[in-house]
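Colleague: Could you take me through the empty spaces in this model, with a close look at one pocket in particular? Here is what I have open.

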Amino acid sequence: MNQDALQQRIRQLARERNALLIAHNYQRDEVQAVADITGDSLALSLEAARTDQDVIVFCGVHFMAESAAILAPEKTVLLPRPDSGCPMADMVTAEGLKALKEQHPDATVVTYVNSSAAVKAESDICCTSSNAISVARSLPAKKLLMVPDRNLGRYIARQVPEKDYIFWEGYCPTHDRLKTEEIIKAKADHPDALFMAHPECRPDILDLADHICSTSGMYEFARNNPATTFIVGTEEGILWRLRKENPDKTFIIPSHGLICPNMKLTSLEDILKSLQTLEPRITVPEPIRLRALTSLERMLAVPRD
Ligand code: 13P
Ligand code: SF4
């Protein structure tokens with residue numbers, strides 16, 4: 001089947017199955033094109049919880065589908081490629097976190113949504129790249145244990161300096177490999193360009209940024225800013241929608257390394273198969289789900305700055 005035929009078949013089957021197709025901003029272009037909704041990890045999980053459709057086909061990585069299953073346990077959550085993990089999420093385990101908590105009993109554990117349900121269950125509150133500053137500011141505790149992303153953690157520490165921090169030393173291999181020389185070169189080649197960066201980038205990269213935000217924050221910044229050229233410090237899948245929404249603007253990826261292999265696994269064939277079989281399903285054991293849900297719900301109750 002060619003791409004158009006596959007996309008049509010997927011749309012038809014999604015209707016028959018009463019399924020909502022959601023895709024993260026880093027998914028392959030053709031996957032984003034066939035989806036009902038694209039967005040950042042928080043927005044997609046919220047959509048999954050809000051929809052009255054029975055089936056959620058989550059085109060993203062494992063922790064995202066797990067968040068949807070935590071928030072919407074009555075729905076069938078499908079992850080077309082169950083092998084699409086997130087290496088950063090895998091850098092912390094519930095046992096490892098428990099051991100660190102014992103060393104810091106007075107700390108509040110703030111866990112990035114890029115984590116397993118078991119780790120969320122051991123946490124006090126979650127955060128995402130779009131609300132992490134508001135979450136940190138909202139907490140009464142002086143000491144925060146930031147898990148698992150050392151770069152997001154250090155970014156928050158700079159923005160909310162009145163707290164004391166302990167960082168889990170995890171990182172995103174895709175964002176962490178971006179180098180300052182690559183940004184300096186891109187800026188020299190495009191002197192009028194603005195540089196927008198994801199907070200998973202290293203601190204020396206964030207020092208060079210004009211704007212630091214989540215993936216969906218980048219769409220908003222590019223749309224509302226009068227600049228016409230942007231250097232994009234995140235995974236290259238974001239270019240598809242940036243270019244579609246801003247045909248008169250130029251977007252530059254400063255490095256060949258900004259590709260998340262896990263985000264690229266899901267193909268149209270995988271989505272079709274998943275809709276046909278209603279597999280692979282993502283579920284979370286109820287005792288873990290309930291505790292992870294508390295961490296997510298505390299995050300959702302934090303007002304945005
Ligand atoms: P967003 O929440 O900004 O979409 O980021 C998710 C992610 O995995 C970034 O690498
Ligand atoms: Fe995980 Fe990084 Fe891929 Fe995002 S880009 S899913 S943080 S490995």
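How many residues line the second largest pocket, and which of them lie nearest its centre?

Modeller: Happy to, and please keep in mind that this is a predicted model. The second largest pocket has a lining of 30 residues, and those nearest its centre are Tyr-26, Cys-86, Asn-114, Glu-200 and Met-263. Its volume comes to about 280 Å³. Sorted by class, the lining of this pocket holds 13 nonpolar, 13 polar and four charged residues. Three helices, H3, H4 and H9 (173-176), each bring at least two residues to that lining, with H9 giving the most, three residues.

The pocket also has an occupant: the space that ligand 2 takes is this second largest pocket. Around ligand 2 you will find Tyr-26, Val-61, Cys-86, Pro-87, Met-88, Asn-114, Cys-172, His-175, Glu-200, Cys-260 and Met-263. If you colour that shell by class, you should see eight nonpolar, two polar and one charged residues. At least three residues of the shell come from domain 1 (3-85 + 263-283), and at least three from domain 2 (88-173 + 287-300).

It helps to set this beside the largest pocket, which has a volume of about 360 Å³. There, 20 residues form the lining, and Ser-129, Ser-130, Ile-212, Cys-213 and Arg-304 are the ones nearest the centre. The class split for the largest pocket is nine nonpolar, seven polar and four charged residues. Helix H7 (132-138), H8, strand E10 (211-212) and helix H12 (215-224) each contribute at least two lining residues, and H7 has the largest share, with four. As for domains, domain 2 (88-173 + 287-300) and domain 3 (178-252) each give at least three residues to the lining of the largest pocket.

Now for the enclosed spaces. Rolling a probe the size of a water molecule over the atoms shows where empty space is left. In this model, two cavities of 30 Å³ or more are counted.

The largest cavity has a volume of about 70 Å³. Its lining consists of Ser-41, Leu-42, Ser-45, Met-64, Ser-67, Leu-71, Val-113, Thr-128, Leu-296, Met-299 and Leu-300. Helices H3 (41-50), H4 (62-71) and H15 (286-300) each provide at least two of the residues lining the largest cavity. Because domain 1 (3-85 + 263-283) and domain 2 (88-173 + 287-300) both give residues to its lining, the largest cavity lies between them. Seven of the lining residues of the largest cavity are nonpolar and four are polar, with no charged residues.

The second largest cavity holds about 40 Å³ of space. Lining the second largest cavity are Val-110, Thr-111, Tyr-112, Cys-127, Met-146, Val-147, Asp-149, Leu-152 and Gly-153. Strand E5 (108-112), strand E7 (143-147) and helix H8 (150-159) each supply at least two of these, and E5 gives the most, three residues. By class, the lining of the second largest cavity has six nonpolar, two polar and one charged residues.

To tie this back to your pocket, H3 and H4 each give at least two residues to the lining of the second largest pocket, and each also gives at least two to the lining of the largest cavity. Likewise, H8 supplies at least two residues to the lining of the largest pocket and at least two to that of the second largest cavity.

Technical notes
Residues are numbered from 1 along each chain as its sequence is written. Chains are lettered from A and ligands numbered from 1 in the order in which they are written. This is a predicted model: local features need pLDDT of at least 70, side-chain atom pairs count only at pLDDT 80 or more; totals for chains, interfaces and linings use all residues. Side-chain values use heavy atoms; hydrogens and water are left out. On a 1 Å grid over the protein atoms alone, a cavity is a set of points where a 1.4 Å probe fits but cannot get out, and a pocket is an open set with protein on both sides within 12 Å along at least five of seven lines; lining residues have an atom within 4 Å of a point. Grid points are joined across faces, edges and corners, and a volume is the space filled by probe spheres set on the points. Ala, Val, Leu, Ile, Met, Phe, Trp, Tyr, Cys and Pro count as nonpolar, Asp, Glu, Lys and Arg as charged, and the others, Gly among them, as polar. Domain bounds come from an automatic or database domain assignment. A residue is near a molecule or strand if one of its heavy atoms lies within 4 Å of it. A molecule sits in a cavity or pocket if more than half of its atoms lie within 2 Å of its grid points.
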